[in-house]
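Trainee: Please take me through one part of this model slowly, the spot where charged side chains pair up. Then work outwards from there, and spell out your cut-offs as you go.

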Amino acid sequence: MDLESFKRAIAIDTNVFDDTLNICLDAAELKIKNSIGTKYDSFYQDNRLYDLAVIQLAERFLK
């Protein structure tokens with residue numbers, strides 16, 4: 001997931017927190033991929049459930 005999509009999903013319209021948001025986003029993606037595995041990379045492409053999980057977990061890291 002790209003940063004701009006994530007920011008729209010959590011209603012942030014400033015660039016002030018981009019570094020922190022990128023860290024949270026990367027951490028969420030890694031945690032989910034480490035939990036599920038990376039044997040089938042195509043699983044993560046165009047998968048709305050994966051995107052939603054990343055958004056929810058990354059947003060949780062912000063709190």
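Mentor: Let's start with what counts as a helix: helices are DSSP runs of H or I with at least four residues, strands are runs of E with at least two, and both are numbered from the N terminus. Keep in mind that this is a predicted model, where local features need pLDDT of at least 70, side-chain atom pairs count only at pLDDT 80 or more, and totals for chains, interfaces and linings use all residues. Residues are numbered from 1 along each chain as its sequence is written, and side-chain values use heavy atoms, with hydrogens and water left out.

Now to your charged spot. The structure holds two salt bridges, a salt bridge being a side-chain nitrogen of Lys or Arg within 4 Å of a carboxyl oxygen of Asp or Glu. Take Lys7 and Glu4 to begin with: their closest N and O atoms are 3.9 Å apart. These two sit three residues apart in helix α1 (residues 3–9), which puts about one helical turn between them. Their surroundings aren't alike: Lys7 is buried at a relative accessible area of 3%, while Glu4 is partly exposed at 41%. (Buried means under 20% relative accessible area, exposed over 50%, and partly exposed in between, with a 1.4 Å probe and protein chains only.)

Lys7 also has a partner in another helix. Its side chain meets that of Asp18 in a salt bridge, 2.9 Å from N to O. Because Lys7 belongs to α1 and Asp18 to α2, this pair ties together parts that are eleven residues apart in sequence. Both ends of the pair, Lys7 and Asp18, are buried. Put the two bridges together and you get a network that links Glu4, Lys7 and Asp18.

Right next to Lys7 in sequence you'll find Phe6, and that takes us to the nonpolar side of things. The largest nonpolar core has 14 residues, and Phe6, Val54 and Ala58 are those with the most contacts inside it. Helices α1, α2 and α3 are the elements that give two or more residues to this core. (A nonpolar core is a set of buried Ala, Val, Leu, Ile, Met, Phe, Trp, Tyr and Cys residues joined through side-chain atoms within 4.5 Å.) If you set aside neighbours within four places in sequence, Phe6 is in contact with Met1, Leu21, Leu25, Ile55, Ala58, Glu59 and Leu62, where contact means heavy atoms within 4.5 Å. Ala53, in helix α3 (residues 48–61), is partly exposed because its relative accessibility is 29%.

Next, the aromatics. A search of the whole structure finds two aromatic pairs. Phe43 and Tyr44 have ring centres 5.1 Å apart and planes at 85 degrees, so they pair edge-to-face. Tyr44 and Tyr50 do likewise, with centres 4.8 Å apart and planes at 70 degrees, so that pair is edge-to-face too. (Rings of Phe, Tyr and Trp, the last by its six-membered ring, pair if their centres lie within 6.5 Å; planes under 30 degrees apart are stacked, over 60 edge-to-face, and the rest tilted.) Together, Phe43, Tyr44 and Tyr50 form a cluster linked by ring pairs. Tyr44 is buried at 8% and Tyr50 at 6%, whereas Phe43 is partly exposed at 40%. Lys33 adds a charge here, lying over the face of Tyr44 at 5.1 Å from the ring centre; the rule is NZ of Lys or CZ of Arg within 6 Å of the centre and within 35 degrees of the ring normal.

Finally, have a look at the loops. Most residues other than glycine have a negative phi, and most peptide bonds are trans. Ala11, in the loop between α1 and α2, has a positive phi of about 60 degrees although it is not a glycine, and Ala11 is exposed at 70%. Asp46, in the loop between α2 and α3, likewise has a positive phi, about 55 degrees, and is exposed at 83%. Its neighbour Asn47 is in the loop between α2 (18–36) and α3, but Asn47 is buried at 15%.
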